[in-house]
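Good morning, colleagues. Please have the sequence and the structure open while I speak, as I shall refer to both throughout.

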Amino acid sequence: MSLLITDVGTLVTNDPALGQGPLGLLQDAAVVVEGSRIAWVGPAAAAPAADERFDARHRALLPGFVDSHAHLVFAGDRTAEFNARMSGQAYSAGGIRTTVAATRAATDAELDANLVRFLREALHQGTTTVECKSGYGLTVADEARALRIAASHTPETTYLGAHVVAPEFADDPAGYVDLVTGEMLDACAPHARWVDVFCERGAFDGDQARAVLTAGAKRGLIPRVHANQLSYGPGVQLAVELGAASADHCTHLTDEDVAALAGSETVATLLPGAEFSTRAAYPNARRLLDAGATVALSTDCNPGSSFTSSMAFCIAVAVREMGMTPDEAVHAATAGGAKALRRSDVGVITLGARADLLLLEAPSHVHLAYRPGVPLTAAVWRAGAREF
Ligand SMILES: [Zn+2]
């Protein structure tokens, strides 16, 4: 079956060869989907016939969002902690242990149902690719279980046994790193594509992070790093040195950190939901973009420090608070996320790409930042199937 989506007011292809500027913008455009793939892109007046026809009524069509950083296998929530923090308490990495206790106590079915709920919530907001981390189990069995459950819903699964030191190892962090790089890695590697570490004071230092990432890489997992979120530190430099796909957060960067990212293939993934939800200073996207770094935007969806699944919200905050233009923010939330996941089949609307499409209830993609908090999803297709 083929589908013609025609009378698209603004089409974001993310391919400069297809249209205007870095977003490859086309006005009065059309797209043909065949099966799960994009089969044709161009001016509506020149569009070929198809089995079915969808009239976009001059609204904006863009690639489905690629959320390259999320923590969705968990149980419980942390409403009380958020409420206390918004009443004046400081955020530290330790609150993760609250979710660890709830996650360990949950059944497989409960964790799966929770994950499915959040994936659908994201899909209805236009997110068609989601990365999903472990990190709330912190035992061999609980980490492997989290990744097994995640892998049944997304190929983008990340082993984050090194989220924080498990409570049982509070007096023996070196012993916990041995577990994460040994028996736990053995159990988790078959279910994961990526390996990640929270490189931060109160979590894992540079040497520990290096041990976790190199052990994962030896098992075929590709590194990505929670880097420089709460303070300056070695995370970004380590990510670049090890050829990580992304350095995530990048809130506290030295000039050397910015230069290292700009001179590498490592994507700087910014997560404004975390700064919003912890009332912290935002990362400076303008500085990274002007230096030539590739920037991605993601939700960091998790119950502790960023409980949003809305990429549109992240775009709006990035434009208002982080120095990004609306075009840059939309690019970062689609093509940027795809690059952070080393995917060329998503985050673009080009010939042969997966037909992941978001139709907005608006004539332009700029409305994602221009109309913050407004539900703008008009339709979503994933791999050619209408999902919303
Ligand atoms: Zn995270």
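Strand E2 pairs with strand E3, residues 37–43, through 6 bridges, and the two strands run antiparallel. I should say at once that this is a predicted model. Glu-34 has Arg-37 of E3 standing opposite. The hairpin formed by E2 and E3 has 2 residues between its strands, and Gly-35 in this hairpin adopts a positive phi near 60°.

Ahead of this hairpin, please find Pro-16, which belongs to the loop between strand E1 (2–12) and strand E2 (25–34). Is Pro-16 buried or exposed? Its relative accessible area is 52%, so Pro-16 counts as exposed. Apart from residues up to four places away in sequence, Pro-16 touches Gly-21, Pro-22 and Gly-24. Between the C-alpha atoms of Pro-16 and Arg-320 there are 25 Å, the two residues being 304 residues apart along the chain.

I turn now to the metal site. Which residues coordinate the zinc ion? His-69, His-71 and His-226 each contribute NE2, and Asp-300 contributes OD, at 2.0 to 2.4 Å. Along the chain, these donors are spaced as H-x1-H-x154-H-x73-D. Distant parts of the chain are linked here by the pair His-71 and His-226, which lie 155 residues apart. His-71 sits in the loop between strand E6 (65–67) and helix H1 (79–85), whereas His-226 sits in strand E11, residues 222–227.

As to geometry, the angles among the 4 donor atoms span 83 to 167°, and the site is irregular. Why is the site not classed as tetrahedral? Four donors count as tetrahedral if all angles lie between 85 and 135 degrees, and the angles here run from 83 to 167°, so the site does not meet that criterion. For reference, the ideal angle for four tetrahedral donors is 109.5 degrees.

Two of the zinc ligands may also be described by their accessibility. His-71 has 2% relative accessibility and therefore counts as buried. His-226, with a relative accessible area of 3%, is likewise buried.

His-226 brings us, through E11, to the sheet. What is the order of its strands? The sheet is open, and its 7 strands are arranged as E8-E9-E10-E11-E12-E13-E14 with parallel pairing. At the edges stand strand E8 (132–133) and strand E14 (295–297); each has a single partner strand, so one side of each lacks a neighbour in the sheet. Helix H4, residues 140–151, packs on the sheet, where it touches E8 and strand E9 (157–162); the direction of H4 makes about 165° with that of E9.

Let us follow the pairing from E11 onward. E11 and strand E12, residues 246–249, run parallel and are joined by 3 bridges. Val-225 has Ala-247 of E12 opposite. E12 in turn pairs with E13 in the parallel sense, over 3 bridges, and Ser-246 has Val-267 in E13 as its bridge partner. Together with helix H9, residues 255–262, strands E12 and E13 make a right-handed β-α-β unit. E13 and E14 also pair in the parallel sense over 3 bridges, with Val-295 in E14 as the bridge partner of Ala-268.

Within strand E13, residues 267–270, Val-267 and Thr-269 point one way, while Ala-268 and Leu-270 point the other way; all are buried.

On strand E9 I would draw attention to Thr-157. Thr-157 counts as buried because its relative accessibility is 2%. Beyond its neighbours within four places in sequence, the contacts of Thr-157 include Cys-132, Leu-147, Ala-150, His-191 and Trp-194.

Next comes helix H5, residues 173–181, whose buried residues are Gly-175, Tyr-176, Val-177, Leu-179 and Val-180. What covers them? The covering elements include H4, E9, helix H6 (183–188) and helix H7 (206–218).

I close with Ala-105 in helix H2, residues 96–105. With a relative accessible area of 66%, Ala-105 is exposed. From C-alpha to C-alpha, Ala-105 and Val-295 are 37 Å apart in space, and they are 190 residues apart in sequence. Val-295 was met earlier as the bridge partner of Ala-268.

Methods. Residues numbered from 1 in each chain as written. Predicted model: local features only at pLDDT ≥ 70, side-chain atom pairs only at ≥ 80, totals over all residues. Heavy atoms only, no water. Donors = N, O, S within 2.8 Å, 3.2 Å for Na, K, Ca; no water. Tetrahedral: all angles 85-135°; square planar, octahedral: opposite > 155°, others 65-115°. Helix = DSSP H or I, 4+ residues; strand = E, 2+ residues; numbered from the N terminus. Buried < 20%, exposed > 50% of the residue type's maximum accessible area, 1.4 Å probe, protein only. Pairing = 2+ DSSP bridges. Contact = heavy atoms within 4.5 Å. Axes fitted to C-alpha atoms, helices over the stretch in contact; angles between N-to-C directions. Right-handed = clockwise from strand over helix to strand, strands pointing away.
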